[in-house]
Amino acid sequence: NGTICKAVEQKMLRHGVVGACAALRPALPVAAQRLPSAMVTGDRNISVKLLRLRLASVKSIQRITKTMKMVAAAKLKGFQSRMFAARPLGESMNNMVKEIPPPPEGEEKDLKYMLVPITSDRGLCGGVNGTICKAVKAMVPNLPDDSEIFMIGIKGEAILKRTHGHKIVRIVTDCYKNPTSFALASEIVEEIVSLKYDKAAIFYNRFQSAIAYETMCEEIESADLMLERIATFTEKYEFEDEFTEQSCMQDMMAFCLASKIYSRLLEGATSEVSARMQAMENATKNCGEMIDKLTITMNKARQAVITQELGEIVSGAAAVEAG
């Protein structure tokens, strides 16, 4: 009992309740008997423990998002240099295709479209993939039923699978593991051409700045559809025979499509990295705000527990003194 008395006195002194120690001395034997059943089980501290665990998890997430932002910022410069180097190639193909006469009015009806959305293989990059898929969904109702989708990137397939899964004929993934090359774009074009279409529509995000991009759609006709109109374009060139002319024109249109795919892949990859950098920066700021709020809430809960324990001690001392 003497040991319990000394412990209680020290606790009272720590909480500033000096006068209650003397009042509790006569009741110490009874208190010693009730002490095991009156011990705090920890239920009152559960909210503080949960808040402390949640605060630690948010801090961990903040470290991850901050690291991902730094990694994206380091990669952005390399992607930008490759993208700016390839952009003139895609623009020159546009100038070449413009020299081919347009189709007569009314001929574009009931054409088989091949939609080529260029999306990413990884998430956490804002609305980069959502805007591409939204543009595809807006265009599909205006096309014939036999139109198909050639998907580049696994994230776009996850978004379009529920509504347009029956139109997806091919999915190309892992385009960004290694630096994007023209050889990869050529392989993609070979698969697109083998599926037989009349017009291809390429959906991609055009990089504008580190915080902005624009979703665009470019259409290019197949060589078979332009076979008759290409003759006007080839009049200023000399070929050995008609077969050589047709073969060269088909190769030229495949090269145009490969150049566009290559350039647009780099545009999409650069837009993805810049969007991820911006998204991770916003996530880091949100984590900081959440940490501040959780810290205030945890301090309030901890103060409430201390106040409650102090009140119980004072109430017990007053009850013993009154008895």
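**Figure 1. Arg276 and Glu272 form a salt bridge whose closest N and O atoms are 2.9 Å apart.** The model shown here and in the other views is a predicted one. Both residues belong to helix α9, where they are 4 residues apart, about one turn of the helix. Arg276 is buried, because its relative accessibility is 6% and the limit for buried is under 20%. Glu272 is buried as well, with a relative accessible area of 7%. Elsewhere, Arg87, Glu91, Arg206 and Glu267 are joined into one network by salt bridges that share partners. The structure holds 10 salt bridges, and two further examples are given in Figures 2 and 3.

**Figure 2. A salt bridge joins Glu191 to Arg170.** The closest N and O atoms of this pair are 2.6 Å apart. Glu191 is part of helix α7 and Arg170 is part of strand β3 (residues 168–172), so the contact ties together parts of the chain that are 21 residues apart in sequence. Glu191 has a relative accessible area of 29% and is partly exposed. Arg170, at 33% relative accessibility, also counts as partly exposed.

**Figure 3. Glu219 and Lys199 meet through their side chains in a salt bridge.** The N to O distance is 3.6 Å. Strand β5 (residues 212–221) contains Glu219 and strand β4 contains Lys199, so this pair ties together parts that are 20 residues apart in sequence. Are the two partners buried or partly exposed? Glu219 counts as partly exposed, at 40% relative accessibility, whereas Lys199 counts as buried, at 5%.

**Figure 4. Five strands make up an open sheet with mixed pairing.** The strand order is β3-β2-β1-β4-β5. Strands β3 and β5 stand at the edges and have a single partner strand each, so one side of each is left without a neighbour in the sheet. From one strand to the next, the twist averages 20°. Strands of a sheet pair through backbone hydrogen bonds, in either a parallel or an antiparallel sense. Between β4 and β5 the pairing is antiparallel and runs over 10 bridges. Asn205 stands opposite Thr215, a residue of β5.

**Figure 5. Phe84 and Phe207 form one of the 3 aromatic pairs found in a search of the whole structure.** The ring centres of Phe84 and Phe207 are 6.4 Å apart and the planes lie at 75°, so the pair is edge-to-face. This pair links distant parts of the chain, with Phe84 in helix α4 (residues 46–98) and Phe207 in strand β4 (residues 199–209), 123 residues apart. Which of the two is buried? Phe207 is buried, with a relative accessible area of 3%, while Phe84 is partly exposed, with 43%.

**Figure 6. The rings of Phe182 and Phe255 form a tilted pair.** Their centres are 5.7 Å apart. Why is the pair called tilted? The planes are at 50°, and tilted covers angles that are neither under 30 degrees nor over 60, so the pair falls in that class. Phe182 lies in helix α7 (residues 182–194) and Phe255 in helix α9 (residues 242–322), so distant parts of the chain, 73 residues apart, are linked by this pair. Phe182 is partly exposed, with a relative accessible area of 27%. Phe255 also counts as partly exposed, at 38% relative accessibility. Ring pairs link Phe182 and Phe255 with Tyr262 into a cluster.

**Figure 7. The charged end of Arg82 sits over the ring of Phe79.** The distance from the charged end of Arg82 to the centre of the Phe79 ring is 4.9 Å.

**Figure 8. Cys133 and Cys287 are both buried.** The relative accessibility of Cys133 is 1%, and Cys133 therefore counts as buried. Cys287 has a relative accessible area of 10% and is buried too. A disulfide is a covalent bond between the sulfur atoms of two cysteines. How many disulfides are there when the cysteine sulfur atoms must lie within 2.5 Å? By this rule, the count is 0.

Conventions: Residues are numbered from 1 along each chain as its sequence is written. This is a predicted model: local features need pLDDT of at least 70, side-chain atom pairs count only at pLDDT 80 or more; totals for chains, interfaces and linings use all residues. Side-chain values use heavy atoms; hydrogens and water are left out. Rings of Phe, Tyr and Trp (its six-membered ring) pair if their centres lie within 6.5 Å; planes under 30 degrees apart count as stacked, over 60 as edge-to-face and the rest as tilted. Helices (H or I, at least four residues) and strands (E, at least two) are DSSP runs, numbered from the N terminus. Buried means under 20% relative accessible area, exposed over 50%, partly exposed in between (1.4 Å probe, protein chains only). A charge sits over a ring if NZ of Lys or CZ of Arg is within 6 Å of the ring centre and within 35 degrees of the ring normal. A disulfide is a pair of cysteine sulfur atoms within 2.5 Å. A salt bridge is a side-chain nitrogen of Lys or Arg within 4 Å of a carboxyl oxygen of Asp or Glu. Two strands pair if DSSP finds at least two bridges between them. Axes are lines fitted to C-alpha atoms, for helices over the stretch in contact, and angles run from 0 to 180 degrees between N-to-C directions.
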